[in-house]
Amino acid sequence: MHIQDGYLSTSVCLATGAISLGAVGYSLHRMKDSLGERTVPLTGMMGSLIFAGQMVNFPIGLPVSGHLMGGVLAAAILGPWAGCVAVTLVLVAQWALFSDGGLLALGANVLHMAVLGSIGGYAVMTTVRKLLGGGFRGTVAGSVVAAWLAVLAASAVFCLEFRLSYSAAEFDFGNIFTLMVTLHALIGVGEAIITGFVVSVIYQQRADLIDAAQASRNSVAASVSRVVAAGLVCALAVAAFAAPFASGLPDGLDSVAERFRIAAADQSASGLFADYDAIPMAGWQGLSVSVAGIGGALVVFAAAVLIGRAIPMTAPTIAAEATGE
Amino acid sequence: MSDFWDRYGRSVSICHRMPPVLKLVLAISVIVAGVAIPVRYWPAYGVLGCLVFAGHSIAGIPLGYLIKRLLIFLPFVGSMAISLPLSQGLDRGWDLMLQIMFRGCLAFLVSLWLVNVMPFEQLLVTLRKLKVPAVVVAILAFMYRYVFVVWDELDKMRTARKVRSFSGGSLWFRWKTLSQMIGMLLIRSLNRAERIHGAMCSRGWDGEVRWLDDSD
C-alpha cells in the first residue's frame, strides 16, 4: 500500500506534501483540546499498536497475505484529529526505521492513509452510525463501510496523482485506473472486515473507548462539516469507479452500453470474479470495475451484517482467554 | 528483529560523524535528484548510483546486507510496478515500469543509508532542532519506546494462541481470531497507556513537553 519514491513526479509529491502538512497541522491544533494532557501517551500508544498490528498477516489463500492499515481504527478510538496524527507518525516511523514508503512520497502516503483514512473515514463512520441509531450494530457497520470507502477514495486520489505525474501520451490511463480500482475494491474489503472485527471486539470489551471518541461536539457546524467530509469520501469512491468510464471510453454512453451488452454475454460463461486476465484486453474496464464495485459493496454489506451477528455469541470465550494472562 | 533494520546505526565512520542535518540534506537531495532527473540524462543516474554505493561503503555497510534488504524490498515495488505493463496488455509500459523500479531502488538505498548512519534517537533530536512541534517529537519518541513492548505483547498472544492450537479453521474464522487478537492487543495497549499516563502525572506531567538541553 505504501507508495515508494519514483512513482510520482516531484511536483505532485510537493503538492500532496503541502496538503498533508496543512491537514496534519490542523489536526495537531485540534487534537490538543480533545485529548488534553493525555495526548502524548494515548496517541503514541495508538501509533505503536498500529505499527505492531500491521505485523499480523492475514492469509488470503495465496502466497501473499494482507494486513491492517488502521486509519479508520485509529479514528474510531482517538477521534479524527488524533487518529490522523497517529497514522501520520506511524508512516514517518516506518520510513525512518524500515525505509518503508518513500521520503518524497510521504506526503502522498499521509494524504491517502491518514487524512482520507482517519479524517474522512471518521466522517463516514459517524454518519453511518447516526443513520443506524448508534449502538453495537451501528458502530460496527459504520466502521466497516468507512474502511472500505476510505481505501477506495485513496485509490481514486492515487490515480489522479499518477495521471498528473506522467504525460497522457505515455500510456493508456483508463486501463491502469481499472486495475487499481478493481484491486483496491478487494483490498478495501479486507480492510473493512479486519476493522469491523477489531471494532466489534473493542465495543464488546470497552465500549467507553469508542463512545468517548464518538461523543464529539454536536454543534450544527460540526455535523455539517462531517456530512460534507463523508460526502467527499463517497464522491471520491464513486469517482474511482467512474474514472475508467470517463477516460477509457471517450465515445460516450452508447459505447458503454454496447460494451456492457457484449461483456455481459461473455461474463455469464466465466464466473463472477474470475476475469482479471481480461482486464488488459480493451473494452473490459466498464464491466470489471462495475463487478468489483457492486461485488465489493455486497461483500462489505454482508460483512457488516455477519460481523454484527457473529461476535456477541463468542465474546465471553475471548474475554476469558485474553484476561487469563 | 529490531537489530535488522538499522544494524549499522551505531558503528563509527565519517558518515556517522557527519552533522545530522547534513545527513538529512544529503539524503533528501539525492532522492530528489533521482526522482526529478529525466531518464534521457542517464549518465547522471550512473553518478548517483556510484555516489550511493560509495556512501554505503564509507559507512561500512556490507554489500550482503544491502542485497538482503533489496531482495525483501523488490517484491513490493515490483508487484506495484508490474501493474503498469499488465494493464496495457503486456505490450507497453515496460520502460515506465523499469524506470519506476530503478528510481524506487535508488531512493530505497538512500533511505537505507540514512537509517543506518542516523539512529532514531538522533533523528528525534534533529527534528527538535528543525523546529518540528515538541508534541510531534514527543509522540514519536513515545512510539519508539513502546513499539517493542507492544511487539512483545503480540508475540506472547501469538504463542498463547498456538499453544491452544487456534490455527486451523475456515478463512473467515482465522480472520476473526486474528482480528480479535489485534482488538485485545489494542485494549491492553490502551490500558498500559492509561497506567503510563498515571505514572507520568504522578511525576508532574502537565501536558507540556520539556526537553533536556539537546546540544549533542
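This is a short talk between a trainee and a mentor about a predicted model with chains A and B.

Trainee: What makes chain B more spread out than a compact globule?

Mentor: Set two values side by side. The globule rule gives 17 Å for 216 residues, while the radius of gyration of chain B is 22 Å, well over that, so chain B is more spread out than a compact globule. Along the principal axes, its C-alpha atoms fill a box of roughly 60 × 55 × 30 Å.

Trainee: Which elements build chain B, helices or strands?

Mentor: Chain B has ten helices and zero strands. Read from the N terminus, its elements run α-α-α-α-α-α-α-α-α-α.

Trainee: How is chain B divided into domains?

Mentor: The domain assignment gives domain 1 (2-118) and domain 2 (129-202). The centres of these two domains of chain B, taken over C-alpha atoms, are 31 Å apart.

Trainee: What makes a residue of chain B count as buried, and how many are?

Mentor: A residue is buried if 20 or more other C-beta atoms lie within 10 Å of its own. In chain B, 34% of the 216 residues are buried.

Trainee: How do you know which residues of chains A and B belong to the contact?

Mentor: Two residues are in contact if their C-beta atoms lie within 7 Å. The contact takes 66 residues from chain B and 61 residues from chain A. On the side of chain B that touches chain A, H10(B) gives the most, with 21 residues. That side of chain B divides into 46 nonpolar, 13 polar and seven charged residues.

Trainee: What is the predictor's confidence in each chain?

Mentor: The mean pLDDT of chain B is 84, and 92% of its residues reach 70 or more. Chain A averages a pLDDT of 75, with 71% of the residues at 70 or above. For the model, ipTM is 0.88 and pTM is 0.82.

Trainee: Which helices of chain A have the lowest and the highest mean pLDDT?

Mentor: Helix H10 (residues 252-269) of chain A has the lowest, 43, and helix H3 (residues 71-78) of chain A the highest, 91. Over residues 247-282 of chain A the pLDDT is below 50, and this stretch has 39 contacts in the model beyond near neighbours in sequence. Residues 312-325 of chain A also stay under 50, with five contacts beyond four places in sequence.

Trainee: How should I read places where pLDDT is low?

Mentor: With care: where pLDDT is low, the predicted coordinates should not be read in detail.

Terms used: Residues are numbered from 1 along each chain as its sequence is written. Chains are lettered from A and ligands numbered from 1 in the order in which they are written. This is a predicted model: local features need pLDDT of at least 70, side-chain atom pairs count only at pLDDT 80 or more; totals for chains, interfaces and linings use all residues. Helices (H or I, at least four residues) and strands (E, at least two) are DSSP runs, numbered from the N terminus. Ala, Val, Leu, Ile, Met, Phe, Trp, Tyr, Cys and Pro count as nonpolar, Asp, Glu, Lys and Arg as charged, and the others, Gly among them, as polar. pLDDT is the predictor's confidence in each residue, from 0 to 100. Domain bounds come from an automatic or database domain assignment. The radius of gyration is taken over C-alpha atoms; the globule rule is 2.2 Å times the number of residues to the power 0.38. A residue is buried if 20 or more other C-beta atoms lie within 10 Å of its own, exposed if 12 or fewer, and partly exposed in between; C-beta atoms are placed from the backbone.
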